[in-house]
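Here are a few exercises on pockets and charged pairs. Grab your viewer and work through them one at a time.

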Amino acid sequence: MELINKTCARLGIKPGERLLVVRIGTATLQFFRKGELVKSYGVSTSKRPSSNLKNSLGTPRGLHEIAERIGAGQPPGMVFKSRVPTGRHFSELVTSEDGINDNLITSRILWLRGLEPGVNRGGEVDTYDRYIYLHGTNHAERIGQPLSSGCVLMRDLDIIELYEEIRTGDLVWIAD
């Protein structure tokens, strides 16, 4: 938490009431309210090494905020394409040759914006321009394993639960 507070102070950001901490190495997301741990969730992050670079497909590190909340009221398992609900549950979609659906964006989207210029904001390291989200997945059985192309994946009911607690502007710290 000390590193988060120092980063906020350096950037002139006042930490809010809610904070999410994603730990890539332990595949967890911790939800804090007023400095107290409310709940910990299992997550999946990138199949590739963490990276803030555009086209790296790595999960970006550092201080972020929730830029947009998308999907309120959609049922669990709803598939999103370009941040728009498709009207289809992931089980209704055609599977690939190996018998599984691609890694889909389901249930809710919390779109991240980097707050550290040159680290995760602007130019070749812009988290928001990379379309990095916290979102549901059609592969809940694989949560805890490296799975994504940079996003933080959660079980559908977990992302829905978290979505109800989180607001635009809430801080998200992502660390190895």
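**Exercise 1: the second largest pocket**

The second largest pocket holds about 170 Å³ of space. Keep in mind that this is a predicted model. Work out which residues lie nearest the centre of this pocket and which elements give two or more residues to its lining.

Solution.
- Step 1: start with the lining, which is made of 13 residues; N5, P15, G16, L19 and G35 are the ones nearest the centre.
- Step 2: look for elements that give two or more residues, and you get α1 (2-11) and β1.
- Step 3: the top contributor is α1, with three residues.
- Step 4: sort the lining by class, and you end up with seven nonpolar, three polar and three charged residues.

**Exercise 2: the largest pocket**

Find out how much space lies in the largest pocket, and which element gives the largest share of its lining.

Solution.
- Step 1: the largest pocket has about 580 Å³ of space.
- Step 2: its lining counts 25 residues, and those closest to the centre are N103, I105, Y133, S149 and C151.
- Step 3: two or more lining residues come from each of β5 (78-81) and β8 (133-136).
- Step 4: β5 has the largest share, three residues.
- Step 5: by class, the lining splits into 11 nonpolar, seven polar and seven charged residues.

**Exercise 3: a charged pair, buried or exposed?**

Take the salt bridge between D170 and R18, and say where each partner sits and whether the two are buried or exposed.

Solution.
- Step 1: check the distance; the closest N and O atoms of D170 and R18 are 2.6 Å apart, and the cut-off for a salt bridge is 4 Å.
- Step 2: place the partners. D170 is in the loop between α2 (156-165) and β10 (171-175), while R18 is in strand β1 (residues 18-23), 152 residues away.
- Step 3: D170 and R18 are both buried.

**Exercise 4: two further pairs**

Explain why the R33 and E165 pair ties together parts far apart in sequence, then do likewise for D176 and R61.

Solution.
- Step 1: R33 and E165 form a salt bridge, with 2.3 Å between the closest N and O atoms.
- Step 2: R33 belongs to strand β2 (residues 28-33) and E165 to helix α2, so this pair ties together parts 132 residues apart in sequence.
- Step 3: R33 is partly exposed at 28% relative accessibility, and E165 is partly exposed at 34%.
- Step 4: D176 forms a salt bridge with R61, the closest N and O atoms being 3.8 Å apart.
- Step 5: D176 lies in the segment after β10 and R61 in the loop between β3 (36-42) and β4 (62-70), so parts 115 residues apart in sequence are tied together.

Conventions:
Residues are numbered from 1 along each chain as its sequence is written. This is a predicted model: local features need pLDDT of at least 70, side-chain atom pairs count only at pLDDT 80 or more; totals for chains, interfaces and linings use all residues. Side-chain values use heavy atoms; hydrogens and water are left out. A salt bridge is a side-chain nitrogen of Lys or Arg within 4 Å of a carboxyl oxygen of Asp or Glu. Helices (H or I, at least four residues) and strands (E, at least two) are DSSP runs, numbered from the N terminus. Buried means under 20% relative accessible area, exposed over 50%, partly exposed in between (1.4 Å probe, protein chains only). On a 1 Å grid over the protein atoms alone, a cavity is a set of points where a 1.4 Å probe fits but cannot get out, and a pocket is an open set with protein on both sides within 12 Å along at least five of seven lines; lining residues have an atom within 4 Å of a point. Grid points are joined across faces, edges and corners, and a volume is the space filled by probe spheres set on the points. Ala, Val, Leu, Ile, Met, Phe, Trp, Tyr, Cys and Pro count as nonpolar, Asp, Glu, Lys and Arg as charged, and the others, Gly among them, as polar.
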